[in-house]
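Biologist: I would like a close look at a single part of this model, the protein chain itself, explained slowly enough for a first-year student to follow.

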Amino acid sequence: MNNQNSIPKVIAALHIPPMPGSGHPDRKTMQQIREFALRNSEKALQAGINALILQDLGDHPVARPIPPHIIAGVTTVGTWIHDQFPELQLGVSLLGHGAREPLAIAQAIGARFVRLKVYIGVMVKSEGLLEGCAAEAIQYRHQIGAEDIAIFADVYDRTGEPLGRLPLVEEVRQAAVFGRADAVVLTGKSFDETCQMIKEVANSDVQTPILVGGGVNFGNLTQALRIADGIIVSSAFKTQPGFTRESMLMDWDLDKMKALMKALEDNSS
């Protein structure tokens with residue numbers, strides 16, 4: 001996975017419903033979560049998507065440190081999907097901050113990559129101040145013998161604000177060169193801002209694979225894949241866009257997924 005050509009063009013982000021241990025009013029049983037995960041994983045394959053990243057988006061507010069029920073639950077869901085659909089490339093992205101937990105889950109379920117939201121610097125997010133986990137990620141990945149698991153590192157994650165902001169190119173350099181991330185994830189507050197961020201990095205001396213972390217839809221898909229190596233998508237697959245309690249629990253719409261992949265195919269030919 002640790003090269004540009006191996007990065008999937010489209011990664012579908014599967015937002016796992018709130019788990020039993022979350023205390024969330026919309027929490028589901030593990031059997032309900034299993035049915036949800038397998039149903040939507042099958043839709044991804046039917047639409048021609050071969051990469052899936054698991055996110056515990058339903059379990060909020062975010063707890064510090066990452067709770068045991070999240071680690072156990074995401075591992076269980078990932079095992080179900082891997083056993084049922086071994087052809088899918090899996091990834092792990094947790095709401096909670098840390099590198100060891102997602103890497104350990106990824107190794108346990110045979111995943112190919114992790115997405116780490118605060119990799120370098122300091123971010124102010126809803127749960128407080130979070131410090132970069134690059135050293136923790138690289139050391140722990142080596143410790144468990146998981147160098148085959150790629151690290152996709154966010155720079156300026158849009159769900160927070162950097163503390164002591166450095167120039168974007170310097171932050172990307174810190175993540176990709178000194179932090180040894182296999183790819184960086186760039187996502188602005190708007191899609192136009194995302195494009196500007198990517199262009200700024202592309203015109204610099206830092207050459208690293210870039211993923212768009214959100215905000216991609218049918219209207220900007222072509223533009224996104226013209227300037228980036230891959231995209232992470234979920235909301236564009238749903239009948240109700242955005243992040244609300246209702247939309248986060250919704251299944252993907254197979255027709256929307258097929259339409260997006262058809263648009264990708266048409267623009268690639």
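Biologist: How many helices and how many strands does the protein chain have?

Modeller: Keeping in mind that this is a predicted model, we can begin with the protein chain's 9 helices and 11 strands. The radius of gyration of this chain is 17 Å, close to the 18 Å that the globule rule gives for 269 residues, so the chain is as compact as a globular protein of that length. Taken along the principal axes, the box that the C-alpha atoms fill is roughly 50 × 45 × 35 Å.

Turning from outline to interior, 52% of the 269 residues count as buried, and among the contacts between residues at least 6 apart in sequence, 68% join residues at least 24 apart. On the outside, the accessible surface of the protein chain comes to about 11700 Å², and 49% of that area belongs to carbon and sulfur atoms. As for charge, the chain carries 25 positive and 30 negative side chains, and the centres of these two sets lie 3 Å apart.

The cysteines deserve a careful word as well, since the structure holds 0 disulfides. Cys133 has a relative accessible area of 3%, and because buried means under 20%, this residue counts as buried. Cys195 also has a relative accessible area of 3%, so by that cut-off of 20% Cys195 is buried too.

Key. Residues are numbered from 1 along each chain as its sequence is written. This is a predicted model: local features need pLDDT of at least 70, side-chain atom pairs count only at pLDDT 80 or more; totals for chains, interfaces and linings use all residues. Side-chain values use heavy atoms; hydrogens and water are left out. Helices (H or I, at least four residues) and strands (E, at least two) are DSSP runs, numbered from the N terminus. The radius of gyration is taken over C-alpha atoms; the globule rule is 2.2 Å times the number of residues to the power 0.38. Buried means under 20% relative accessible area, exposed over 50%, partly exposed in between (1.4 Å probe, protein chains only). Contact means heavy atoms within 4.5 Å. Accessible areas come from the Shrake-Rupley method with a 1.4 Å probe; for residues, only the protein chains shown count as cover. Lys and Arg count as positive and Asp and Glu as negative; His and the chain ends are not counted. The place of a charge is taken as NZ of Lys, CZ of Arg, CG of Asp or CD of Glu. A disulfide is a pair of cysteine sulfur atoms within 2.5 Å.
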